[in-house]
Structures are given as C-alpha cells and as structure tokens.
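I sat down with this one to see what I could look up before heading back to the bench. Here are my notes, in the order I made them.

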Amino acid sequence: QRQMCIRDSYEFYVRAICSPGDTSDWTGPISTTTPCNSITTFPFTEGFEVNSATLGCWRNQTIIGNGAWTIAQGSSGGAINTPFAGSTNLRFVSQFGNPNEPIANAISPVMDLTSLVAPRMSFYYGQEEWFGDQNYTRLLYRASSNDPWTEIWGDSSDVDVWTFVMVDLPNPSATYQIAFQGINNQG
C-alpha cells in the first residue's frame, strides 16, 4: 500500500553570479509545491490509479490519532481483497482497539460545479466488520475552503462486498470539494 500523494514538491538552491569568481553563497533549500488546477470537465472520474492525472491533488487530513487513507488493493482484511475496478483503490486504515481513533479525511481537488444543473457523485465502497471492530465511512462536502465540512452520506454497517452509492451534491460552487472521512472502530 502507498500513502496518498499530496502534490509534486520540489526543493532548490539559488545563488547570484555577478562575474567569474564573484558569486554569493547558496541559499536554500527553497521549497515549492505545484498547484492543482480546478476540475472543470465533467463527468470527472477518479479511479485512484497510480497513473491518474489528478491523484496527486487529493490530500490526507488527519483529524484524530495516527492514520491515513492510502492507495492499495482491496481492504486491509476480510473478503474484499481486490479493487472494484482497475488495479488500486482508496483505503482507510483499520486499527484494532481505540474506538473513534484514528479519524482522517481524503480530500478531493477543487471542483468548479457552477456549470452543472444537478451535480451528483457515485462511488463503490466496502467496510467489513473485523473481530468486533466496525469503521464508519462518511462523505463530506464544503462549498469553499473556508466552510466547515458537512456530512451528506454515511454508513457504519458491515459491508463485505463492493456496494454502489449515488449522492446529490448540495450547494454547488466554483470552489467545491468532497472528502471521504474514515472513523476507525466507530460502530
């Protein structure tokens, strides 16, 4: 399994060369991250494949504890051991014990939904009960990066096969984001 990429990051050093033999000391490293463009073409599909052009624009946000979403094959245990389609999928960590810890969001790139009349999204998910532990998966949205996250779908039941979900996206905006939130051992 791989940690989800954030974006391409670079570090570089600079120095001034005034004339031969007259140079400044190196300064750095200076860090920069390439920005991601807003998604403006729909339908938009993210398969969480290693070669996805937008995979690097998704980011992890840890809310509580030490856990993250990863790119992997199937679940971390149980009957779902392959992706629904393709070669990889998004996976939330499953840890024994600690109720409600970790909690983490997988946050999408910004999407400009202003050209859509009734936007919605669909996805497949699974979350198996594991020796009494049951995770909770939520779908959140926000209309801008300054808005709080709002839940628009959630499930904390034992789902041992890939299951289809379609959700209407409320309050479309030019700076829309969704997030999958995983809560460990919540059920």
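The entries below cover confidence, then the largest pocket, then one threonine.

**Confidence.** I reminded myself that this is a predicted model, and I checked pLDDT before anything else. The chain averages 88, and 91% of the residues score at least 70. Where is confidence lowest, and where is it highest? Strand 1 (residues 2-3) sits at the bottom with a mean of 44, while strand 12 (residues 150-155) tops the chain at 98. I also noted that pLDDT stays under 50 over residues 1-7. The model still has 35 contacts beyond four places in sequence for residues 1-7. I left those alone, because predicted coordinates should not be read in detail where pLDDT is low.

**Largest pocket.** I looked up its volume next and found about 1300 Å³. I counted 49 residues in the lining, with F48, L90, F123, Y124 and F180 nearest the centre. The elements giving two or more residues to this lining are strand 8 (89-92), strand 10 (120-127) and strand 14 (177-183). Which strand gives the most? Strand 10 does, with eight residues. By class, I found 26 nonpolar, 17 polar and six charged residues in the lining.

**T54.** I then turned to T54, which I found in the loop between strand 5 (27-33) and strand 6 (59-64). Is T54 buried or exposed? T54 counts as buried because its relative accessibility is 17%, and the cut-off for buried is under 20%. Leaving out residues up to four places away in sequence, T54 touches I39, F44, E46 and P109.

Definitions and conventions. Residues numbered from 1 in each chain as written. Predicted model: local features only at pLDDT ≥ 70, side-chain atom pairs only at ≥ 80, totals over all residues. Heavy atoms only, no water. 1 Å grid on protein atoms, 1.4 Å probe; cavity = no way out; pocket = protein on both sides within 12 Å on 5 of 7 lines; lining within 4 Å. Points joined across faces, edges and corners; volume = space filled by probe spheres on them. Helix = DSSP H or I, 4+ residues; strand = E, 2+ residues; numbered from the N terminus. Nonpolar A, V, L, I, M, F, W, Y, C, P; charged D, E, K, R; others polar. Buried < 20%, exposed > 50% of the residue type's maximum accessible area, 1.4 Å probe, protein only. Contact = heavy atoms within 4.5 Å. pLDDT = per-residue confidence, 0-100.
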